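Me: I should like to learn how to read the features of a structural model, one at a time. Could we work through a case together?

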Amino acid sequence: MLLLLSLLSGVVCTVLAQPPNILVIVADDLGYNDVSWHNDAVIMPHIAQLAAEGVTLEQHYSQPLCSPTRGALLTGRYPIHNGLNNGVIQPLTPYGLDTSEITLPEELRRANYTTHIVGKWHLGFCNKKFWPTNRGFDHHYGFMNGGQNYFTHARMGGYDFWDDEEVALGDNGTYSSTLIQQRAVDIISTHDDSKPLFMYVPFQSVHGPLMVPDVYRNMYDNIENEERRTYLGMVTAMDDAVGNITQALKLSNLYDNTVIVWFSDNGGPVNGWPPVQLEAYGSNNWPLRGSKFTMWEGGTRTVAF
């Protein structure tokens, strides 16, 4: 995370006639063996092409959980220093990323960037001072927490999908990867290129619950395990969304001047490890030991480019 932040923030310090646009895409709970360059069974041509045309990071490390990774990315500081060492911020958790922390979008906004987040926040919900539009982002479209239904966006009896600080009730019923893709494409298509663009796109995919439109699940009819089949369909749905976002950059003549960073926030969760983790998951971290929630490489060594 520190390396990624230094690469991105270095843009601010460089005197350029036209600073590059920055697109940071984060997959959620994607396993080490869940990308096509590690596993031929995975269908993800768009992300694989971006990786092949760039620099694939085979020794990239994240935190073993969602919120600590996201806080580290946006502050450049380890969770033990930014107050997120306790782990995931749950919907009823009475704190968020400390407001004394300076964030990446705040710094980029000072450098005249337009700043957007499209997708998952997960750095504080209990008070608006923790919300993304108060932490350096001009706009936020997506959800504040994690683990909700992909179609109804329901979690713990509530509805969690937002357009800035307004509840986006009209998005109920639409798959989250589709919504994220549509808004990201809209932002790119209408962007005023007199200012550089910073867009942070943290997908819900492929975090549980395992849900995907049938058209993607059916691509993996050769996979016997139902959880694995659904999970890989979710991977491919995310890949299609990334492909449409990068195509929008090309159609808007922004692609050649855009730095794209992509990674998973942690390793994939697996059933029964750690022992208290009983929910079924479809991820695979082979050949690494461990999973999400652990400090072994299966939980921290993540796919990235």
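Reply: Certainly. The model is a predicted one, and a single residue makes a suitable start. Tyr113 has 2% relative accessibility and therefore counts as buried, since the cut-off is under 20%.

Me: Where along the chain is Tyr113 placed?

Reply: Tyr113 is in the loop between helix H5 (104–110) and strand S2 (114–120). Its side chain reaches the backbone oxygen of Pro20 at 2.6 Å. For a separation in space, take Tyr113 and Ser36: they are 77 residues apart along the chain, and their C-alpha atoms are separated by 33 Å.

Me: How should I read the overall dimensions, and what radius of gyration does the protein chain have?

Reply: The general idea is to set the value beside that of a compact globule. For 305 residues such a globule would have a radius of gyration near 19 Å; the protein chain has 18 Å, so the two agree. Along the principal axes, the C-alpha trace spans about 55 × 40 × 40 Å. The secondary structure comprises 9 helices and 9 strands.

Me: What share of the residues is buried, and what share of the contacts joins residues 24 or more positions apart?

Reply: Buried residues make up 56% of the 305. Among contacts with a separation of 6 or more, 66% are between residues 24 or more positions apart. As for the surface, the protein chain exposes about 12,700 Å², and carbon and sulfur atoms supply 53% of that area.

Me: How many charged side chains of each sign are there?

Reply: There are 18 positive and 31 negative side chains, and the centres of the two sets lie 6 Å apart.

Me: I would now like to read one charged residue in its surroundings. Is Asp265 buried or exposed?

Reply: Asp265 has 0% relative accessibility, so this residue counts as buried. Its place is in the loop between strand S9 (258–264) and helix H9 (297–300). A useful next step is to look for a polar partner: the side chains of Asp265 and Arg70 are joined by a polar contact of 2.9 Å. Beyond residues up to four places away in sequence, Asp265 touches several others, including Asp28, Asp29, Cys66, Thr69 and Arg70.

Me: Arg70 belongs to a helix. How many residues of helix H3 are buried?

Reply: Helix H3 (residues 66–75) is mostly covered, with 10 of its 10 residues buried. Among them are Cys66, Thr69 and Arg70, which are also residues that Asp265 touches. Gly76 follows H3 and has a positive phi, near 75°.

Me: What is the usual sign of phi in residues other than glycine?

Reply: Most residues other than glycine have a negative phi, and most peptide bonds are trans. Asp29, which is not a glycine, has a positive phi of about 70°. Asp29 lies in the loop between strand S1 (21–27) and helix H2 (45–53), and at 1% relative accessibility it counts as buried. His122 also has a positive phi, near 65°. His122 is found in the loop between S2 and S3 and counts as buried at 5% relative accessibility.

Me: Which residues are joined by cis peptide bonds?

Reply: One cis bond joins Ser205 and Val206, with omega about 10°. Another joins Gly208 and Pro209, with omega about 5°. Val206 is found in the loop between strand S8 (197–202) and helix H7 (214–217), and Pro209 is placed in the loop between S8 and H7 as well.

Me: Which residue of helix H8 touches Ser205, Val206 and Pro209?

Reply: Met234 does; this residue lies in helix H8 (residues 226–251). Besides Ser205, Val206 and Pro209, its contacts include Tyr150, Tyr175 and His207. Met234 counts as buried because its relative accessibility is 0%. Tyr216 is 18 residues from Met234 in sequence and 7.0 Å away in space, C-alpha to C-alpha.

Me: Where is Gln148 placed, and which residues does Gln148 touch?

Reply: Gln148 is in the loop between strand S3 (139–143) and strand S4 (154–155). Its contacts, leaving aside residues up to four places away in sequence, are Phe143, His153, Ala154, Arg155, Asp160, Gln204 and Pro209. At 1% relative accessibility, Gln148 counts as buried. Pro209 is thus touched by Gln148 and by Met234.

Terms used
Residues are numbered from 1 along each chain as its sequence is written. This is a predicted model: local features need pLDDT of at least 70, side-chain atom pairs count only at pLDDT 80 or more; totals for chains, interfaces and linings use all residues. Side-chain values use heavy atoms; hydrogens and water are left out. Helices (H or I, at least four residues) and strands (E, at least two) are DSSP runs, numbered from the N terminus. The radius of gyration is taken over C-alpha atoms; the globule rule is 2.2 Å times the number of residues to the power 0.38. Buried means under 20% relative accessible area, exposed over 50%, partly exposed in between (1.4 Å probe, protein chains only). Contact means heavy atoms within 4.5 Å. Accessible areas come from the Shrake-Rupley method with a 1.4 Å probe; for residues, only the protein chains shown count as cover. Lys and Arg count as positive and Asp and Glu as negative; His and the chain ends are not counted. The place of a charge is taken as NZ of Lys, CZ of Arg, CG of Asp or CD of Glu. A polar contact is a pair of N or O atoms within 3.5 Å; within protein, one must be able to donate a hydrogen and the other to accept it, and residues adjacent in sequence count only if both atoms are side-chain atoms.
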